[in-house]
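Please open the model in your viewer and keep the selection panel at hand. The stops below move from charged contacts to rings, cysteines and a pocket.

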Amino acid sequence: STQDQLVELIPSIFIIGELIPFLKNVYNFDFTGLQILIGEKLPNGLAIPSRVRAAATISIGKLCLGRRDITNSFVAVFAHVLHNSTDSAVKCNSLIVLCDLCVKYTATVDSYVNDMSGCFADPSPAVRHQVLLIMTRLIAEDYVKMRPLLLFRYIYSIVDKNENVAKFAQSCLFDVLNSKDPKLLSQHFIDALFYFNDQRDR
């Protein structure tokens with residue numbers, strides 16, 4: 001089937017992503033094909049398999065690392081995926097790409113931090129684990145500042161219904177972030193009390 005043919009493209013998509021950093025002039029690279037493959041459907045209406053979209057997402061991310069001129073539009077696309085996709089593999093890879101782009105173009109991605117942190121409440125445990133991993137890295141390395149809303153999301157995560165996610169959240173918050181900044185919890189404690197009281201009263 002045509003879907004099987006699309007799946008057969010995955011090794012090529014991966015290789016393209018690996019080669020992009022070595023292109024002499026990355027601005028001459030025609031990324032139209034990759035751009036189509038991160039969407040849900042081909043122009044003829046055929047659904048694009050999840051594995052293909054996930055692979056294309058990573059390769060487009062590598063292209064963005066070398067081309068700031070297209071980064072703004074693709075960051076918006078990846079943020080849109082986080083809100084609207086039900087595909088955990090594509091969302092996880094979108095988070096990886098946004099993390100890498102945040103490191104390289106911090107100011108460009110900063111306005112999308114709330115979109116990323118919304119994944120703390122994602123239905124998929126894999127996505128919740130992934131967002132804990134990348135947000136903890138970004139905060140620990142000072143690419144993202146801890147904010148009250150982010151801390152609340154960590155606090156919710158330490159009581160996640162998935163035991164593995166809950167344990168990982170505890171490790172991220174207490175072993176990594178609070179160890180780096182021992183005043184972290186006390187600084188936001190009053191904010192947290194007001195926030196949770198407000199939530200409970202609704």
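A salt bridge is taken here as a side-chain nitrogen of Lys or Arg within 4 Å of a carboxyl oxygen of Asp or Glu; by that criterion, the structure holds nine salt bridges. This is a predicted model, in which local features need pLDDT of at least 70 and side-chain atom pairs count only at pLDDT 80 or more, while totals for chains, interfaces and linings use all residues. Residues are numbered from 1 along each chain as its sequence is written, and side-chain values use heavy atoms, with hydrogens and water left out.

**The whole chain**

Begin with a cartoon view, where the protein shows twelve helices and zero strands, helices (H or I, at least four residues) and strands (E, at least two) being DSSP runs numbered from the N terminus. Along the principal axes, the C-alpha atoms of the protein fill a box of roughly 55 × 35 × 25 Å. If you colour by accessibility, buried residues make up 43% of the 202 residues in the protein, where buried means under 20% relative accessible area, exposed over 50% and partly exposed in between (1.4 Å probe, protein chains only).

**Charged contacts**

Select arginine 128 and aspartate 160 next, whose side chains meet in a salt bridge at 2.7 Å, N to O. Arginine 128 belongs to helix 9 (residues 125–140) and aspartate 160 to the loop between helix 10 and helix 11 (163–180), so the pair ties together parts that are 32 residues apart in sequence. Arginine 128 is buried, with a relative accessible area of 4%, and aspartate 160 also counts as buried, at 14% relative accessibility.

Move then to aspartate 69 and arginine 67, which form a salt bridge at 2.8 Å, N to O. Here aspartate 69 counts as partly exposed at 48% relative accessibility, whereas arginine 67 is buried, with a relative accessible area of 7%.

In helix 11, select lysine 167 and glutamate 163, which lie four residues apart, about one turn of the helix. Their closest N and O atoms are 3.1 Å apart, in a salt bridge, and glutamate 163 counts as exposed at 53% relative accessibility. Asparagine 164 is also placed in helix 11, and it counts as exposed at 58% relative accessibility. A C-alpha to C-alpha distance drawn from asparagine 164 to glutamine 187 spans 27 Å, for a separation of 23 residues in sequence.

To finish this stop, show Asp100, Arg137 and Glu141 together, since these residues are linked in a network of salt bridges.

**Aromatic rings**

Now display the rings of Phe, Tyr and Trp (its six-membered ring), which pair if their centres lie within 6.5 Å, with planes under 30 degrees apart counted as stacked, over 60 as edge-to-face and the rest as tilted. By this rule the count comes to three aromatic pairs. In one of them, the rings of phenylalanine 31 and phenylalanine 74 have centres 5.8 Å apart and planes at 70°, so the pair is edge-to-face. This pair links distant parts of the chain, 43 residues apart, with phenylalanine 31 in the loop between helix 2 (10–19) and helix 3 (32–37) and phenylalanine 74 in helix 5 (residues 68–84). Phenylalanine 31 counts as buried at 17% relative accessibility, as does phenylalanine 74 at 3%. Add Phe78 to the selection, and you have one aromatic cluster formed by Phe31, Phe74 and Phe78.

**Cysteines**

How many disulfides does a search of the whole structure find? With a disulfide defined as a pair of cysteine sulfur atoms within 2.5 Å, the search finds zero. Select cysteine 99, whose sulfur is 7.0 Å from the closest cysteine sulfur, in cysteine 102, too far for a bond; cysteine 99 is buried, with a relative accessible area of 3%. For cysteine 119, the closest cysteine sulfur is in cysteine 92 at 8.4 Å, again too far for a bond, and cysteine 119 counts as buried at 2% relative accessibility.

**The largest pocket**

For the last stop, select Phe120, Ala121, Arg153, Tyr156 and Ser157, which lie nearest the centre of the largest pocket among its 15 lining residues. A pocket is, on a 1 Å grid over the protein atoms alone, an open set of points where a 1.4 Å probe fits, with protein on both sides within 12 Å along at least five of seven lines, and lining residues have an atom within 4 Å of a point. Helix 10 (residues 148–157) gives the most to this lining, with five residues.
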